[in-house]
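Subject: Structure handover

Hello,

I am passing on the structure we spoke about. Please look through the sequence and the model first; my notes follow below.

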Amino acid sequence: MIFSKLKNCLLVVGLLNPLILTAETQNPRIIQFSGLEKSISIIINKNDEPIHQDYFLAAYEPLKLNNDLMPFLVQKTNHFYSYIDSKGNWLSEDNFLDAFNFSKDKLAIIKTKKGYGAINLQGKLQIKDQFQDLFKFNN
């Protein structure tokens, strides 16, 4: 599989082996390319076109809830994580030091310089980022 029309001029040709990380039926889906020195992930739509101009160090399969796909958690750099929706829009302009997938309660645990907290599907803090640690729970 060759992607040659990424806006940031990424051209993946033969050097990296594609690995599909999500089900073929899921749209969009994650493709990971692994090489000797690094791996990159691209999120593509049903037409095999990237949904976002950037590639990521990692992308994680999101939870599907009532046929709605939660935002994708992506690792932007070695130290920062963020979220994008299925259309390639950033959920938040914030970069998080640590982050986890959205859960069934539609919250995602994140870590900022201040501490751990949780954001909602609009990228807004629902649990203030003030804790030393924060865990998922079910009631």
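Two rings of Phe, Tyr or Trp are taken as a pair if their centres lie within 6.5 Å, with the six-membered ring used for Trp. On that basis, Tyr83, Phe96 and Phe102 are joined by ring pairs into a cluster. Please keep in mind throughout that this is a predicted model.

Overall make-up

The chain has 12 strands and zero helices. Read from the N terminus, the elements are therefore β throughout, as in β-β-β-β-β-β-β-β-β-β-β-β. There are 139 residues in the chain, and buried ones make up 40% of them. The accessible surface of the chain is about 8900 Å², and carbon and sulfur atoms account for 49% of that. Of the contacts between residues at least 6 apart in sequence, 27% join residues at least 24 apart.

Strands

S9, S10, S11 and S12 form an open sheet of four strands in the order S9-S10-S11-S12, with antiparallel pairing. S9 and S12 are at the edges with a single partner strand each, so one side of each has no neighbour in the sheet. The pairing of S9 with strand S10 (residues 108-111) is antiparallel and runs over two bridges. Asp98 has Lys111 in S10 as its bridge partner.

Earlier in the chain there is strand S2 (residues 29-34). Five of its six residues are buried, so S2 is largely enclosed by the rest of the structure. S2 pairs with S3 in the antiparallel sense, over six bridges. In this pairing, Phe33 has Ile40 of S3 as its bridge partner.

Aromatic residues

The structure holds three aromatic pairs. One of them is formed by Phe56 and Trp90, which meet edge-to-face, with 6.1 Å from centre to centre and 85° between the planes. This pair links distant parts of the chain, as its two residues are 34 residues apart. Phe56 is in the loop between strand S3 (39-44) and strand S4 (58-60), while Trp90 is in the loop between strand S8 (81-84) and strand S9 (98-99).

How do the two partners compare in accessibility: is Phe56 buried or exposed? Phe56 has a relative accessibility of 2%, and because the cut-off for buried is under 20%, Phe56 counts as buried. Trp90 has 26% relative accessibility and counts as partly exposed. Trp90 also has a charged residue over its ring: Lys76 lies over the face, at 4.4 Å from the ring centre.

Phe135 is in another setting. It is found in the segment after strand S12 (125-131). With a relative accessible area of 63%, Phe135 is exposed. Its C-alpha atom is separated by 7.7 Å from that of Ile109, and the two residues are 26 residues apart along the chain.

Loop residues

Asn120 is in the loop between strand S11 (116-119) and S12. Which backbone atom does the side chain of Asn120 reach? The side chain of Asn120 reaches the backbone nitrogen of Gln122, at 2.9 Å. Asn120 is at 13% relative accessibility and counts as buried. With its neighbours within four places in sequence left aside, Asn120 is in contact with Leu91, Phe102, Lys106, Leu107 and Gln126. Phe102, in that list, is also a member of the ring cluster with Tyr83 and Phe96.

Lys106, another of these contacts of Asn120, is in the loop between S9 and S10. Its phi is near 65°, a positive value in a residue other than glycine. At 39% relative accessibility, Lys106 counts as partly exposed.

Asp48 also has a positive phi, near 60°, and is a residue other than glycine. Asp48 is placed in the loop between S3 and S4. Its relative accessibility of 31% makes Asp48 partly exposed.

For a first look in the viewer, I suggest Phe56 with Trp90, then Asn120 and its contacts.

Regards

Methods: Residues numbered from 1 in each chain as written. Predicted model: local features only at pLDDT ≥ 70, side-chain atom pairs only at ≥ 80, totals over all residues. Heavy atoms only, no water. Phe/Tyr/Trp six-rings, centres within 6.5 Å; stacked < 30°, edge-to-face > 60°. Buried < 20%, exposed > 50% of the residue type's maximum accessible area, 1.4 Å probe, protein only. Lys NZ or Arg CZ within 6 Å of the ring centre and 35° of its normal. Polar contact = N/O pair within 3.5 Å; in protein donor to acceptor, adjacent residues only side chain to side chain. Contact = heavy atoms within 4.5 Å. Areas by Shrake-Rupley, 256 points an atom, 1.4 Å probe, with all protein chains shown as cover. Pairing = 2+ DSSP bridges.
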